[in-house]
Amino acid sequence: MQPLKKDWVASSVPDSACSCVTNLLFIIIDSNEVLANYLLGVGRADCTGPVADIPLMGYANPDQVGGGLLTRLYSRAFIMADLDDSRRVVFVSADIGMVSQRLRLEVLKKLKSKYGELYQHDNVILSGTHTHSGPAGYFQYTLFWITSKGLIRPSLNAIVNGIVKSIDIAHQNVRRGRLFINRGTVQNSQINRSPFSYLANPASERSRYSSNTDKEMVMLKMVDSNGQELGFISWFAVHPVSMNNTNRLVNSDNVGYASYLFEQEKNKGMLPGEGSFVAAFASSNLGDVSPNTKGPFCVNTGESCDNPQSTCPVGGAAMCMAMGPGNDMFDSTRIIGQNIYLKAKELYEKASQEVTGPLSSAHQWVNMSDVLVELNATHTVKTCKPALGHSFAAGTIDGVGGLNFTQGNLEGDPFWDEIRDLLLGEPSNETKDCHKPKPILFSTGEMTRPHPWHPDIVDVQIAVIGSLAIVAVPGELTTMSGRRLREAVKREFDSHGTPRMDVVIAGLCNVYTHYITTYEEYQIQRYEAASTIYGPHTLSAYIQLYRGLARAIATNTVQDLPPGPEPPLFNISNLTLVPALTVDRVPVNKTFGDVLQEVRQQYRAGEVAEVTFVGANPRNSAENATEHNFLTVERYNSTSDSWQVVKNDASWDTRFYWTKGLFGRSNVTIEWHIPHDTELGIYRIRYFGHYRKNLSISHAVSFPFEGTSSAFEITAP
């Protein structure tokens, strides 16, 4: 149908009615124009990196070294702009432990080289989902090197390139569209893992809330002006630690599984990682929030260890661990992820409150070790140089420490203090006094070799899209800390003529500074408080800073904000204790990809098909192919006499295990946990790898290879 023309309208109706009819027709004709408030773009890209032979990031357990792949890690990017494209905001949620300062600085540098001044530190928010099962090694501060074994360039490059690529894809797909917001309660998916700290908050404050965790999910839905679904960002507070610290498979944990389910549903017929619909489950104020809903139990006796120190009568703190709702960690990940997905699906389908209004963003760098905080008209306090308390080493009920430190320690330990003084130096009296009642284990703000151990310069940032304010926080706020910060920002907007703002906390953004507890929780010194590195007034400092950003946005004075001191970018290219890649070798009379243990001839749905190959180090693939796929499950199509890929290594029901042997030998085992709805037929499993070979004494090259199982049949139960 040809579009109506204005001259037709004018000549086809009486003059008296011309103006009215013309306006009506143009509302209809230009409905696409009317049904758009923003320019929107979404993108997703792989950021997995090496999946084996390097430490995983999150539990700070040096023994937790990657040994394969459960699900791939993705960066999900969302670009929002005013219709006249005068202002843009980028929000990225990446399946990584947290965003490091090094990572952010390298991403911004690449964006500047591609796009000039379009995407900068003030309008780009990078947030980590906080999975504890992703590769480590992308930090420039020394503390994180201890369990990460330094700065691992392949890990860092994979994340930087994945984030930039996801933004590239979103940038290329920008179109006119609409935003809708919705919110709702997620049940049976979280507990407070430090309830005794939470109880230290004023009773009058606690009485305003029905739970000691934030159960609300906030959903930002995106559709284009033709009604095509683009994707969404949701924010919900839960730690992605359903996979515990015994896990060796790289994966995106419970929130990643929720993304997987939603994207598989919307990108019908596509393999995981493919398709245009992008579903991000971003982190929020998850600091004291665990998905291990059965709570803490002594693993040796089965009795509860839900006490202020999280200790067991036999074995102490090391025996006290929280359990998820499932039969094992895989099952718990599935259950929690599905709960989150189902609530998101409901909120997405019912989202009808439209977001309208201009975009803006505000950003400052702040020296968080030296912020003067005005508590009231007569009292000021200061933040401290970074330091970690003794209870930091205790870990949590989601992942305990290894040396029997306990949570809630207000005294310290002379034995460990003496060792610290000998090896690292004694904390200054100034730092000790500033952090009270925290007994300092590591005075990281006074440790500078080979580089500073913790950041001083920190990003604070708010992005506003119409009635939605995204508060990008560089760490892990506890439940009550998040509530206080949200309220303070909302009040600031209210008092400066911008009422009824929806304020969400985006966690693990831009630079990692551990935890942020309330002042009252800090006095209890459980793990989260011991890890509040800038001292007891950290939250008050952040509230003051974010109020300043909100005020500047509300009063249109962002340009007057001082940018603050720029963070350093240390001159480190690759400094790691991860062993260098060596030549891969095979057993006698074998070659890479040969089958060592075959599949069975038949399986039923619900069973596990398993095959073992002569393998090679998966790091070869990560360092030689940008988005290498390690496996496929393929179904035989008799009509076309061809094999069709039905699963890949990002599929939830496939598992890729790498076992390191002696003298450069290794095996790869691939499992396919056959879903109950699998189509009957003939299948096979394929493995794709790279082996490393010396061409000369000083020159090694990686060569691709593949292996294929025998065909097997899936039969009816």
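**Cysteine pairs, one by one**

Student: Why is the disulfide of C298 and C312 called left-handed?

Tutor: The torsion about the S-S bond of C298 and C312 is about -110°, so this disulfide is left-handed. Bear in mind that this is a predicted model, where local features need pLDDT of at least 70 and side-chain atom pairs count only at pLDDT 80 or more, while totals for chains, interfaces and linings use all residues. Residues are numbered from 1 along each chain as its sequence is written, and side-chain values use heavy atoms, with hydrogens and water left out.

Student: How do you know that C298 and C312 form a disulfide?

Tutor: Their S to S distance is 2.2 Å, and a disulfide is a pair of cysteine sulfur atoms within 2.5 Å, so the pair qualifies. The bond links distant parts of the chain, 14 residues apart: C298 is in strand β15 (residues 295-298), and C312 is in the loop between β15 and β16 (320-323). Helices (H or I, at least four residues) and strands (E, at least two) are DSSP runs, numbered from the N terminus.

Student: Why is C312 called buried?

Tutor: C312 has a relative accessible area of 7%. Buried means under 20%, exposed over 50%, and partly exposed in between (1.4 Å probe, protein chains only), so C312 is buried. Its partner C298, at 1%, is buried too.

Student: What makes the disulfide of C305 and C320 right-handed?

Tutor: Here the S-S torsion is about 90°, so the bond between C305 and C320 is right-handed. C305 lies in the loop between β15 and β16 and C320 in strand β16, so the pair ties together parts 15 residues apart in sequence. C305 is buried at 0%, and C320 is buried at 1%.

Student: Why does C434 count as partly exposed?

Tutor: C434 has 25% relative accessibility, which falls between the two cut-offs, so C434 is partly exposed. Its disulfide partner C384, with sulfur atoms 2.0 Å apart, is buried at 1%. The torsion about their S-S bond is about -90°, so this disulfide is left-handed. C384 sits in the loop between β20 (380-382) and β21 (388-389), and C434 in helix α12 (residues 429-435), so the pair ties together parts 50 residues apart in sequence.

Student: How do you know that C47 is not bonded to C509?

Tutor: The sulfur of C47 is 15 Å from the closest cysteine sulfur, that of C509, too far for a bond. C509 is in no disulfide. C47 is buried at 1%, and C509 is buried at 0%.
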